[in-house]
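Please open the model in your viewer and keep the sequence panel beside it, since this tour moves from one selection to the next.

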Amino acid sequence: MGTTSLAMISAVKSVLHSFCLESGMKINLEKSKLIFSTNTSINHCQQTCLAFKIQETDNLEKKLAFPIALSPRKEKDFTFVVDKDLRQSIQGLPISLNQDIPDAIIWGLSHDGQLNTKSAYLLHFDHQISPEDSWDWLWKCLTLPCICYFTWLCHKERLPTTSLLAQRGLLIAPHCLRCPSELKTVDHILWSCPTTHSFWQHMQIPPSKLGTLTAPIKDWLSYNIASSQASYLHIPWGVLFTFAIWHLWKNKNSQVFSTKALQSSLVDFTIQATVEYYASQAKPPRKPHLTIQVYWEAPPDGYYKLNFDGCSKGNSGIARARGLIRDSLGRWVRGFYMNLGRTTSPIAELKALRQGLIMVKECGISNLIVDIDAKLILSWVWGNSSNTVLTNLIDDCKGLYRHFDAIIPKHTYREANKCADHLANLRANQPNFLVTFPLSPPSIR
Ligand SMILES: [Zn+2]
């Protein structure tokens with residue numbers, strides 16, 4: 001309240017009195033404290049405390065978790081409000097420049113803002129699927145989708161064998177027709193039944209996989225399916241194996257339903273089906289390698305060029321944007337570097353383009369060529385592709401490029417963008433949100 005004087009004290013008391021009258025509230029003098037600057041004399045302090053009937057303190061501490069301080073507040077005083085990760089995530093949000101745009105609800109776990117089952121499934125598992133729960137070895141294996149599903153049923157012990165159907169209450173004999181003492185389970189059907197022995201013998205099982213015949217059924221399936229060891233006609237054993245168990249199952253079924261004996265040519269039939277499938281999956285020969293000379297090209301007379309780049313570490317990590325403008329003689333006009341907080345690469349790219357366009361507009365440039373290395377950015381900003389998450393940024397960019405007389409987007413290779421990359425290295429450890437470079441940094445000249 002400035003210099004302490006009796007007049008000042010009575011003025012403050014009168015203000016507090018009026019406040020209590022108007023608000024109907026009371027000031028608790030016991031809970032109130034007075035703080036004095038260090039150069040106040042002890043006499044003055046004592047007089048003031050007596051006049052207010054309030055005790056002195058040297059630290060006002062916190063009120064509702066906010067620190068109360070006499071000195072101007074610093075950003076770090078409020079770091080307790082939100083943690084660093086959360087602040088970076090807020091900083092990374094794709095917020096529009098146009099403040100009239102209402103907030104919208106988007107599904108933040110997908111790239112396009114739309115709900116999809118994969119991201120919801122991952123959310124359920126807290127984004128972590130343990131290797132034991134991962135079924136990639138099965139769903140990504142090279143075979144027919146129906147065989148993948150069949151194998152999954154085997155693994156989950158849900159294949160409708162007579163043993164399982166009997167367990168579920170169907171009036172059906174649960175035993176193998178050939179081996180009356182054995183239940184007709186998945187492992188019995190696929191390998192322990194003597195009728196399958198000759199089949200497996202003829203399938204040319206790689207010696208390293210022979211031992212797995214005694215492993216539990218689940219391990220037996222996964223060990224063999226994962227095998228890339230060459231077998232018949234150099235086809236990976238894993239592929240042949242999936243067709244083998246599938247045809248064995250189908251053959252056993254046809255035996256039950258049409259009482260046929262185990263097909264004598266089952267081995268040939270299985271190999272033929274595998275070869276046919278494997279050949280259909282063969283990749284076309286690679287195109288010959290082309291060497292392209294990549295270099296930065298100066299814009300024509302009267303034009304300026306914007307190079308920009310946005311990147312994020314990992315899928316949604318710490319992101320940065322940078323860009324620079326040069327004229328038709330390749331001279332530096334202006335550059336920038338931005339810390340974007342925590343966000344995805346597409347958002348970082350669009351924020352880099354938006355900041356670049358703002359900078360071009362500020363420089364009063366009307367004819368511009370924009371070098372773009374990400375084709376997606378081209379299709380979003382100059383084409384008709386849409387993306388709910390990125391709408392704000394896309395619309396901002398579209399709004400900005402309408403300010404120029406001529407703006408030409410040009411696809412370029414990332415390697416032609418070395419200068420913008422260099423800006424990122426210069427400022428990688430600076431916490432500043434936006435840094436501009438009116439002159440080219442010495443290390444670029
Ligand atoms: Zn049997």
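Begin by colouring the protein chain by confidence: this is a predicted model, the mean pLDDT of the chain is 83, and 88% of its residues reach 70 or more. Within the chain, confidence is lowest in strand E4, residues 66-67, where the mean is 62, and highest in helix H6, residues 145-155, where it is 94.

Keep H6 selected and add helix H12, residues 237-258; the axes of these two helices come within 10 Å and cross at roughly 75 degrees. An angle from 65 to 115 degrees counts as roughly perpendicular, and therefore H6 is described as roughly perpendicular to H12. To see where they touch, show the side chains of Ile147, Phe150 and Thr151 in H6, together with those of Thr242, Phe243, Trp246 and Trp249 in H12, which make the contact. Of the residues in this contact between H6 and H12, five are nonpolar, two are polar and none is charged.

Next, select the sheet, which is open and is formed by six strands in the order E9-E8-E5-E6-E7-E10, with mixed pairing. Its edge strands, each of which pairs on one side only, are E9 (406-411) and E10 (434-437). As you look from one strand to the next, the twist averages 20 degrees.

Zoom in on E9 and on strand E8, residues 367-372: these two strands run parallel and are joined by six bridges. A useful pair to label here is isoleucine 372 and histidine 411 of E9, which stand opposite each other.

Now add the helices that pack on the sheet. Helix H3, residues 84-91, touches strand E6 (316-326) and strand E7 (332-344), and its direction makes about 125 degrees with that of E7. H14 also packs on the sheet, touching strand E5 (304-312) as well as E6, E7 and E8, and the direction of H14 makes about 150 degrees with that of E5.

Finally, stay with H14, residues 345-362, and add helix H16, residues 391-401. How far apart are the axes of H14 and H16? They lie 9 Å apart, and the two helices pack at an angle of about 25 degrees. Since angles under 35 degrees count as roughly parallel, H14 and H16 are therefore roughly parallel to each other, and their crossing is left-handed. Among the residues that meet here are Leu350, Leu353 and Leu357 in H14 and Leu393, Cys397 and Tyr401 in H16. The residues of this contact between H14 and H16 comprise ten nonpolar, no polar and four charged.

Notes:
Residues numbered from 1 in each chain as written. Predicted model: local features only at pLDDT ≥ 70, side-chain atom pairs only at ≥ 80, totals over all residues. Axes fitted to C-alpha atoms, helices over the stretch in contact; angles between N-to-C directions. Helix = DSSP H or I, 4+ residues; strand = E, 2+ residues; numbered from the N terminus. Parallel < 35°, antiparallel > 145°, perpendicular 65-115°, else oblique. Left-handed = near helix turned anticlockwise from the far one by under 90°. Contact = placed C-beta atoms within 7 Å. Nonpolar A, V, L, I, M, F, W, Y, C, P; charged D, E, K, R; others polar. Pairing = 2+ DSSP bridges. pLDDT = per-residue confidence, 0-100.
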